[in-house]
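Trainee: I should like to examine how the descriptive terms applied to this model are justified. May I put my questions one by one?

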Amino acid sequence: MDGQGATADPQLQHFIEIESQKQRFQQLVHQMTEVCWEKCMDKPGPKLDSRTETCFVNCVERFIDTSQFILNRLEQTQRSRGSFSESLLD
């Protein structure tokens, strides 16, 4: 053995990371569509009226804002825990 078997191929790791991001994005779009459809669609018709269209736009924007807020909050929490655990090791 050459000792390289234990470490994963960086290209493979990158590919898996990109595919995971794609999957998370698709789940987010599906969830957003479901939430906004339930909130904004009173009665399906051949086209959207301006009120329904405005509702969809606002719903999607709030959904994205909320998702971004949650991600930022999680990153802050992880960073503060990381620095806390590093200070314990010193």
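Trainee: Why is lysine 22 counted as partly exposed?

Mentor: The model is a predicted one. Lysine 22 has a relative accessibility of 45%; partly exposed covers the range between 20% and 50%, so lysine 22 counts as partly exposed.

Trainee: What makes the contact of glutamate 19 with lysine 22 a salt bridge?

Mentor: The closest N and O atoms of glutamate 19 and lysine 22 are 3.2 Å apart. A salt bridge requires a side-chain nitrogen of Lys or Arg within 4 Å of a carboxyl oxygen of Asp or Glu, and therefore this pair qualifies. Both residues lie in helix α1, three residues apart, about one turn of the helix. Glutamate 19, at 32% relative accessibility, is partly exposed.

Trainee: Which residues are joined into one network by salt bridges that share partners?

Mentor: Arginine 62 forms a salt bridge with aspartate 65, the closest N and O atoms being 2.8 Å apart. Arginine 62 also forms a salt bridge with glutamate 61, where the corresponding separation is 4.0 Å. Glu61, Arg62 and Asp65 are thus joined into one network. Arginine 62 and aspartate 65 both lie in helix α2, three residues apart. The relative accessible area of arginine 62 is 45%, which makes it partly exposed; glutamate 61, at 38%, is partly exposed, and aspartate 65, at 41%, is partly exposed. Five salt bridges are found in the whole structure.

Trainee: Why is the aromatic pair called tilted?

Mentor: The structure holds one aromatic pair. Tryptophan 37 and phenylalanine 56 form this pair, at 6.2 Å centre to centre and with 45° between the planes. Planes under 30 degrees apart count as stacked and those over 60 as edge-to-face; the angle of 45° meets neither condition, so the pair is tilted. The pair links distant parts of the chain, tryptophan 37 being in helix α1 and phenylalanine 56 in helix α2, 19 residues apart.

Trainee: Is phenylalanine 56 buried or exposed, and why?

Mentor: Phenylalanine 56 has a relative accessible area of 18%; buried means under 20%, so phenylalanine 56 is buried. Tryptophan 37, with 42%, is partly exposed. Of the 90 residues of the protein chain, 11% count as buried.

Trainee: Which helix gives the most to the lining of the largest pocket?

Mentor: Helix α2 gives the most, with six residues. The largest pocket has a volume of about 320 Å³. The lining residues divide into six nonpolar, three polar and one charged, and include Phe25, Leu28 and Ile64.

Terms used
Residues are numbered from 1 along each chain as its sequence is written. This is a predicted model: local features need pLDDT of at least 70, side-chain atom pairs count only at pLDDT 80 or more; totals for chains, interfaces and linings use all residues. Side-chain values use heavy atoms; hydrogens and water are left out. On a 1 Å grid over the protein atoms alone, a cavity is a set of points where a 1.4 Å probe fits but cannot get out, and a pocket is an open set with protein on both sides within 12 Å along at least five of seven lines; lining residues have an atom within 4 Å of a point. Grid points are joined across faces, edges and corners, and a volume is the space filled by probe spheres set on the points. Helices (H or I, at least four residues) and strands (E, at least two) are DSSP runs, numbered from the N terminus. Ala, Val, Leu, Ile, Met, Phe, Trp, Tyr, Cys and Pro count as nonpolar, Asp, Glu, Lys and Arg as charged, and the others, Gly among them, as polar. Rings of Phe, Tyr and Trp (its six-membered ring) pair if their centres lie within 6.5 Å; planes under 30 degrees apart count as stacked, over 60 as edge-to-face and the rest as tilted. Buried means under 20% relative accessible area, exposed over 50%, partly exposed in between (1.4 Å probe, protein chains only).
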